[in-house]
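Please open the model in your viewer and keep the sequence panel beside it. The tour moves from one selection to the next and says what can be found at each stop.

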Amino acid sequence: MRNDKKGQQYRVNEQIRVREVRIVGDGDSMVLPTRQALDMARQQGVDLVEISPNANPPVCRLIDYSKFLYQQKKRAKEMKAKQVKQEVKEIRFGPQTDDHDYNFKLKHAKEFLEDGNKVRAYVFFRGRSILFKEQGEVLLLRFANDLEEYGKVEQMPSLEGKKMFLYLSPKKAGVAKKSQQKMDREKREAEAKEAALQQKQAEQEEVAANGGLFANVKGGEDILKKLKENDG
């Protein structure tokens with residue numbers, strides 16, 4: 001059994017100095033004098049652990065304190081692992097970024113947003129290029145528009161010193177809004193597949209009607225010819 005330990009989170013055994021406690025476990029609950037609860041813990045070879053000190057009376061459990069702490073740490077670790085760690089990824093542009101560089105950075109921004117990270121895109125104005133700030137703003141707005149399926153704008157382009165920033169946050173998985181152009185393309189592809197399938201089925205039905213049992217057999221047409229010649 002565990003006794004006093006510096007910095008421990010729960011009161012254990014003799015550290016529990018109230019007159020009575022409520023013992024819970026396996027769906028049962030009973031109120032006992034603290035001394036009697038300590039005796040029960042000793043008899044079972046476990047600890048009396050106070051898990052809810054603000055209850056009236058305080059709630060305790062008869063458990064192995066070391067095992068209890070291990071389970072608590074394991075549970076906290078699992079919860080932490082499930083939490084999505086969100087980072088802020090930066091994308092830098094010049095005021096006159098060419099299409100090749102733009103598309104390269106657009107691809108990375110899509111990956112960042114799909115991974116659940118935020119994106120901070122900015123245009124850096126060096127020297128007299130600050131004269132092209134309107135051009136930089138147009139570039140960032142184009143960037144936001146091209147990423148509408150993957151992220152939403154947190155802050156519109158704003159100039160801070162020599163940099164103009166745009167902030168994007170990821171959309172939740174499964175709720176990305178498709179553009180009308182993409183939906184139309186997917187619809188056309190689905191209709192084309194359906195038409196091809198119907199045509200194939202019609203051809204198979206025609207062959208089956210003309211060829212009977214030999215329609216789908218390898219060399220079936222030759223067999224049919226021979227049969228017709230014999231009949232003749």
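Which residues does T97 touch, not counting residues up to four places away in sequence? Before selecting them, bear in mind that this is a predicted model. Select T97, which lies in the loop between β5 (88-93) and α3, and then show its surroundings: the residues that T97 touches, with those up to four places away in sequence not counted, are Y102 and L139. While T97 is still selected, display G94 as well, whose backbone oxygen lies 2.8 Å from a polar atom of the T97 side chain. The relative accessibility of T97 is 19%, and because buried means under 20%, T97 counts as buried.

Next, follow the two contacts of T97 into a pair of helices. Y102 in α3 and L139 in α4 are among the residues at which these two helices meet, so select helix α3 (residues 99-114) together with helix α4 (residues 133-146). Two packed helices are described by the angle between their axes and the distance between the axes. Here the axes come within 11 Å and cross at roughly 45 degrees, which makes α3 oblique to α4. Turning the view to look through one helix onto the other, you can follow how α3 passes α4 in a right-handed crossing.

Now show the side chains at this contact. From α3, display D99, Y102, K105, L106, A109 and K110, and from α4, display L139, R142, F143 and D146, since these are the residues that meet. Coloured by class, the contact of α3 with α4 has five nonpolar residues, five charged residues and no polar ones.

For the next stop, move to strand β1 (residues 20-25) and select V24, which is found in that strand. At 25% relative accessibility, V24 counts as partly exposed. Leaving aside neighbours within four places in sequence, V24 is in contact with S29, I51, V59, C60 and R61. Among these partners, V59 is worth a distance label: V24 and V59 are 35 residues apart in sequence, yet their C-alpha atoms are 7.0 Å apart in space.

Finally, clear the selections and show the whole chain. There are six helices and eight strands in the protein chain, and read along the sequence they follow the pattern β-β-α-β-β-α-β-α-β-α-β-β-α-α. Of its 232 residues, 28% count as buried. Among contacts between residues at least 6 apart in sequence, 55% join residues at least 24 apart.

Technical notes:
Residues are numbered from 1 along each chain as its sequence is written. This is a predicted model: local features need pLDDT of at least 70, side-chain atom pairs count only at pLDDT 80 or more; totals for chains, interfaces and linings use all residues. Side-chain values use heavy atoms; hydrogens and water are left out. Axes are lines fitted to C-alpha atoms, for helices over the stretch in contact, and angles run from 0 to 180 degrees between N-to-C directions. Helices (H or I, at least four residues) and strands (E, at least two) are DSSP runs, numbered from the N terminus. Angles under 35 degrees count as roughly parallel, over 145 as roughly antiparallel, 65 to 115 as roughly perpendicular and the rest as oblique. A crossing is left-handed if the near helix is turned anticlockwise from the far one by less than a right angle, and right-handed if clockwise. Contact means heavy atoms within 4.5 Å. Ala, Val, Leu, Ile, Met, Phe, Trp, Tyr, Cys and Pro count as nonpolar, Asp, Glu, Lys and Arg as charged, and the others, Gly among them, as polar. Buried means under 20% relative accessible area, exposed over 50%, partly exposed in between (1.4 Å probe, protein chains only). A polar contact is a pair of N or O atoms within 3.5 Å; within protein, one must be able to donate a hydrogen and the other to accept it, and residues adjacent in sequence count only if both atoms are side-chain atoms.
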